[in-house]
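Here are my notes for a colleague who is meeting this structure without any background. They are arranged as numbered points, to be read with the structure in view.

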Amino acid sequence: MALLFYSREDDPVAWKAALEARLPDLEVRIWPDLGDPEAIDTALVWRPPPGLLAGLPNLRAVFSLGAGVDALLADPTLPAVPLCRMVDPSLTRSMSEYALALALFYHRRLDLYEERQRRARWEMEMPRPAASTTVGVMGLGELGADAARSLVAHGFRVRGWSRGRKAIEGVASFAGGEELGAFLEGLDIVICLLPLTPETENILDADLFARLPRGACLVHLARGAHLVERDLLDAVERGHLRGAVIDVFREEPLPADHPFWRHPRIRVTPHTASYSLPETGAEVVADNIRRLREGRPLRHVVRRERGY
Ligand code: NAP
Ligand code: GLV
């Protein structure tokens, strides 16, 4: 049986080689060269066109190249087979690195110095210890929990918000909608690492920004549809938020005429916060294929009723 690989962003040749090195009897077919669809029993995909997977009659499992599976779940024709998301050390490490880098960006006031440089103004601010900055991580799953640990290791004061309460050393845990307000109160920096679900869509809105103290910063690394873009522009323009780094957008690539591109206090990065390397990600997928073949439980299966 064969695996179908589909991604417009990941290198198919590198993934095929990494998978076949681990499972020499696995035939990896790279879209659009499907061959006989009946011979395909697994698929490894990133944002496949709706309907592609429904055309594989003998599919037994779908593996996502990404941690977030919102696009897959939005396909009404997605076959009712196990869907496993990517949980991979390189994806986790690169996300923690990015979250830490951006927390440090605001903590060390590099945004302020960028602005002063534009006016050739030599004026220093006395650096403050990391413990004077409180960072809140929304979502304490694979990525958020690791990012929170990295922030703690760096000396930041760290809070996390999730559905259920967590025990992560050095992280103050807040759970559920009723504790969202207490989580946000007094944060200097908020980092969003939530999955996109009907419950979290539009969560980064005027109401949430109003619960942050004046001068807070937003680092948004999750999904475009979490953010109400007009509300962010308004909060930044009024000076309520000091600034934002946004990595994910409702429309990607971000259209050239989008106001975020030219806003002096909104920074845009092109959905680049973290990525899964074939060297490590292929082992995660190979492990699940072995499990499937041997009838053992798969790992990282998405709970569809929850949406993540
Ligand atoms: P995960 O392991 O599934 O963790 C999700 C976390 O969010 C969990 O802690 C969960 O709480 C919490 N959560 C879910 N719904 C919630 C709600 N309604 N209220 C409060 N907390 C809620 O996901 P992950 O692997 O960390 O990935 C998170 C997201 O990062 C992905 O879904 C994707 O959108 C994004 N991402 C972005 C990039 C990028 O390059 N920008 C790369 C990878 C991933 P419980 O633990 O209590 O269930
Ligand atoms: C990337 O955005 C992912 O979900 O892995």
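**Notes on the predicted model**

1. A good place to start is proline 32, which is found in the loop between strands S2 and S3. The peptide bond that joins tryptophan 31 to proline 32 is cis, with omega at about 10°. Please keep in mind throughout that this is a predicted model, and that the values below are computed from it.

2. A second cis peptide bond leads from glutamate 252 to proline 253, and its omega is near -5°. Proline 253 likewise sits in a loop, in this case the one between strand S11 (241–246) and helix H9 (259–262).

3. The strands S2 and S3 that flank proline 32 belong to an open sheet of 5 strands, in which the order is S2-S1-S3-S4-S5 and the pairing is parallel. Strand S2 (27–30) and strand S5 stand at the edges with a single partner strand each, so that one side of each has no neighbour in the sheet.

4. Within this sheet, strand S4 (residues 61–64) deserves a careful look, since the model shows its links to both S3 and S5. Strand S3 (residues 40–45) runs parallel to S4 and is joined to it by 4 bridges, and in this pairing alanine 43 has valine 62 of S4 as its bridge partner. On the way to strand S5 (residues 83–84), which also runs parallel to S4, there are 2 bridges; here valine 62 stands opposite leucine 83, while phenylalanine 63 stands opposite cysteine 84.

5. Are the two faces of S4 covered or open? In a regular strand the side chains alternate between the two faces of the sheet. In S4, Ala61 and Phe63 lie on one side and Val62 and Ser64 on the other, and all four are buried, which leaves both faces covered.

6. Turning to the ligands, which residues come nearest to ligand 1? Of the 29 residues around ligand 1, they are Arg85, Gly164, Lys166, Leu221 and Tyr308. By type, the residues of this shell divide into 13 nonpolar, 9 polar and 7 charged. Helix H5 (142–154) and strand S7 (157–162) each supply at least two residues of the shell, and H5 gives the most, with 3 residues.

7. Why can ligand 1 be said to lie between two domains? Both domain 1 (2–88 + 276–294) and domain 2 (89–268) give residues to the shell around ligand 1, and therefore it lies between them.

8. Several polar atoms of the protein can be paired with atoms of ligand 1. A polar side-chain atom of lysine 166 lies 2.6 Å from an oxygen atom of the ligand, whereas the backbone is involved at arginine 163, where a polar atom is 3.1 Å from a nitrogen atom of ligand 1. At leucine 221, a backbone N or O atom lies 2.9 Å from a nitrogen atom of ligand 1. On its own, ligand 1 has 940 Å² of accessible area, of which the protein covers 92%.

9. Ligand 2 has its own surroundings, made up of Trp46, Gly66, Ala67, Gly68, Arg223 and His271, which divide into 2 nonpolar, 3 polar and 1 charged. An oxygen atom of ligand 2 is 2.7 Å from a polar backbone atom of alanine 67, a backbone N or O atom of glycine 68 lies 2.8 Å from an oxygen atom of the ligand, and a polar side-chain atom of histidine 271 lies 2.6 Å from an oxygen atom of ligand 2. Taken alone, ligand 2 exposes 200 Å², and the protein buries 83% of that.

10. Threonine 269 has its place in the loop between strand S12 (266–268) and helix H10 (278–294). Its relative accessibility is 16%, and because buried means under 20%, threonine 269 counts as buried. The side chain of threonine 269 makes polar contacts with the side chain of tyrosine 98, at 3.0 Å, and with the side chain of aspartate 247, at 2.6 Å.

11. Finally, two backbone angles should be checked by eye. Arginine 109, in the loop between helix H3 (89–107) and helix H4 (110–118), has a phi near 60°, a positive value in a residue other than glycine, and arginine 109 is partly exposed with a relative accessible area of 24%. Histidine 300, in the segment after H10, has a phi near 60° and is likewise a residue other than glycine; its relative accessible area of 21% makes histidine 300 partly exposed.

Notes: Residues numbered from 1 in each chain as written. Chains lettered and ligands numbered in written order. Predicted model: local features only at pLDDT ≥ 70, side-chain atom pairs only at ≥ 80, totals over all residues. Heavy atoms only, no water. Buried < 20%, exposed > 50% of the residue type's maximum accessible area, 1.4 Å probe, protein only. Pairing = 2+ DSSP bridges. Near = heavy atom within 4 Å. Polar contact = N/O pair within 3.5 Å; in protein donor to acceptor, adjacent residues only side chain to side chain. Areas by Shrake-Rupley, 256 points an atom, 1.4 Å probe, with all protein chains shown as cover. Nonpolar A, V, L, I, M, F, W, Y, C, P; charged D, E, K, R; others polar. Domains from an automatic or database assignment.
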